[in-house]
Every structure is written in structure tokens, then in C-alpha cells.
Amino acid sequence: MPVRARLARSIAHVEGRALPWRPSLPEVHPQVWLARVAPTRRSLAIGFGLLAVALGGYLVARETPLFAIDRIEVHGGSPRVAAQVRQALASLVGRPLVGLDGSAVLQNVDALPTVVSASYDRAFPHTLSVTVVPERPAAVLRRGPDSWLVSMRGRVMEPLGTTALPKLPRIWISTRTTVRLGAELKAAGSATAAHAVGLAGEFAARVDSVSDANGVLVFHLRSGLELLLGAGSDIKLKVAVADRVLAMLPAGSTFLDVSSPGRPVSGYGSPPSFTPPTSSRG
């Protein structure tokens, strides 16, 4: 028998046979199904009982001294900053850790002029743990006889005596300029000067004072030399260039201009008039 004829015969034979069973969906009885999945009275009673116990425990922990705060730990700052944080949060001592208003904690700490930001954690049973990012002191702001410590972000951290912290550079501002504790400097050039000193790293110890007039940033070194940085950009690069060039300057040089780091210029007498170059780097 030819192959094609045998194939046709086999197909006809298969089509003629009936399946021994037909798939069907199981019958669903809603009442039976609900009886199986619905909780029993006993399970409901147990569930409500556990909820009542948990709610009662929460209220007890919140309204009794069981978890009352008796210690505030501060991490990330100096002992002086830690003391300021504890003083700012002193009103929380005796209050329960449960139900603590975390936003109020952070608001009180962030308001400190020596703190950039803060976070907190509950260390049961009685400890509130606070971690801070402190401001980094950069310079001493001078306004006539008044002095303040300022951070590298240009924030006024605290008032100082006239001769306090002699190793930090001075930034002089007009006697008509308003200074507010905890606020960032608004006087033209003063914030840029503080930021530049902060970026100078160890080189800042060689700086006696900083000025920024008409966009020209100048480090007045303790040696008497004036270091012209130009615009307040690329500070780290300019300081690194100056650090190398200063060792090779001719005796008697009075200024070094690194406003263009690739072409440092030194000289005698007063620095030439200067137009700060533009830069795309921050």
C-alpha cells in the first residue's frame, strides 16, 4: 500500500475514535466554600484578643516610664557638639521612646548652627541615639571688634573672642553687614572665601586672611605674599599648583597669580589688574 494511502487511513482511524473522557469544571458550592475559608468564632476571638493586648501594651509603654528616655547618645560630632545636641534635646528626658515625635527631634538638632544634618534611632529600653554631620570650621569672620566662627559652607557657627583661634584665616566684612548666628553668609564674597579656605585643606594653615572683591579671590599668606586665585572655582587645583610653585619663587616675590593654573605668574610690588577667567568646572 502506498505511503500516502496508509497515512490517510491512519488519520481517519484516529478521528473516528471518541475520547474516553471529557474535561469538565468542578462544581462550586458558595456556601461550602465560605464555610471552609471563613474564620471561626474561636479564631476571631483569639485575633481580637491579641489586638487588644498589643494596643494595651502600646498604651502602657507610651504612658508609663517603662520605656522612658534617660540617656541621649550623640555620634559623629566633637564633645562640644555632642553637648549642644544633648542640651537641645534635654526636654525629651523622661518621655517615652514609644510614640516619640521624630520630626521634632530632627528639627531641634538641625537648628543648631554647628550641625549640618542629623538622624536618630531608638535604642530600647531607655536610650535615644542621635547621629550628626557637624559643620566644618573654616575661618574666623571679623566685623570691626566682633568675631564669629564660620564653616566651609559659609554658615555662622558661634561668636568668638577677638583673639580666639589664631591659626584660622580671617575674613573681614563691612561694619554695616548684618551677621546672624546659624545663618549662611550673605555679604558679597564672604561665603566664597569661607568655602575656598575649606577646600584648601592643610594649605589653609599658611593663610592669614582671605578677601574676595569683584570676583577676585585672594589668600593673604602669613609670609606676606598674596596668592591670587581669581574666580572661586578649581580651588583644589589652584592651591596644589601654588604649593609647588611657592618653593621655587625668587626671593622678594610679593604675589603669585594662579588664576590660570597652567600659567602661574609671580612678581614684585602690587599685583597687576585682574580680570577673572571663566571656567566650566565647579
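**Notes on helix α6, the β4–β5–β6 strands and the salt bridges**

1. Let's start just past helix α6: the residue to look at is G201, which follows the helix and has a positive phi, near 65°. Please keep in mind while reading that this is a predicted model.

2. Now step back into the helix itself. α6 spans residues 190-199, and its buried residues are S190, A193, A194, A196, V197 and G198. A general point helps when you turn the helix on screen: an α-helix has 3.6 residues a turn, so residues three or four places apart point the same way.

3. What do the buried residues of α6 pack against? Their partners include the strands β4 (137-143), β5 (146-151) and β7 (170-172). The list also holds β8 (207-213), β9 (216-221) and one helix, α7 (235-245).

4. One of those partners, β5, deserves its own look. Five of its six residues are buried, so β5 is largely enclosed by the rest of the structure. On one side of the hairpin story is β4: β4 and β5 run antiparallel and are joined by six bridges. R143 is found opposite D146 of β5. Two residues lie between the strands of this hairpin, and G144 in the turn has a positive phi of about 60°.

5. β5 also pairs with β6, again in the antiparallel sense, here over four bridges. If you want a pair to click on, V150 has V156 in β6 as its bridge partner. These two strands form a hairpin as well, with four residues between them, and the turn contains G154, whose phi is positive at about 80°.

6. On to charges. How many salt bridges does a search of the whole structure find? The count is eight. As background, side chains of opposite charge can pair when their charged atoms come close.

7. The first pair I would show you is R80 with E158, whose side chains meet in a salt bridge at 2.7 Å, N to O. This pair links distant parts of the chain, 78 residues apart: R80 belongs to helix α4 (residues 79-88) and E158 to strand β6 (residues 156-160). Is each partner buried or exposed? R80 counts as exposed because its relative accessibility is 52%. E158 counts as buried because its value is 14%, under the 20% cut-off.

8. Next, E135 and R155 form a salt bridge in which the closest N and O atoms are 3.2 Å apart. Here too distant parts of the chain are linked, with the two positions 20 residues apart in numbering: E135 sits in the loop between β3 (127-134) and β4, and R155 in the loop between β5 and β6. E135 counts as buried, at 5% relative accessibility, and R155 counts as buried at 8%.

9. A further pair is D208 with R222, where the side chains meet in a salt bridge of 3.6 Å, N to O. D208 lies in strand β8 and R222 in the loop between β9 and β10 (226-230), so the pair links distant parts of the chain, 14 residues apart. D208 is partly exposed, with a relative accessible area of 38%, and R222 counts as partly exposed at 40%.

10. Finally, which residues are joined into one network by salt bridges that share partners? They are E135, R153, R155 and E184.

Conventions. Residues are numbered from 1 along each chain as its sequence is written. This is a predicted model: local features need pLDDT of at least 70, side-chain atom pairs count only at pLDDT 80 or more; totals for chains, interfaces and linings use all residues. Side-chain values use heavy atoms; hydrogens and water are left out. Buried means under 20% relative accessible area, exposed over 50%, partly exposed in between (1.4 Å probe, protein chains only). Contact means heavy atoms within 4.5 Å. A salt bridge is a side-chain nitrogen of Lys or Arg within 4 Å of a carboxyl oxygen of Asp or Glu. Two strands pair if DSSP finds at least two bridges between them.
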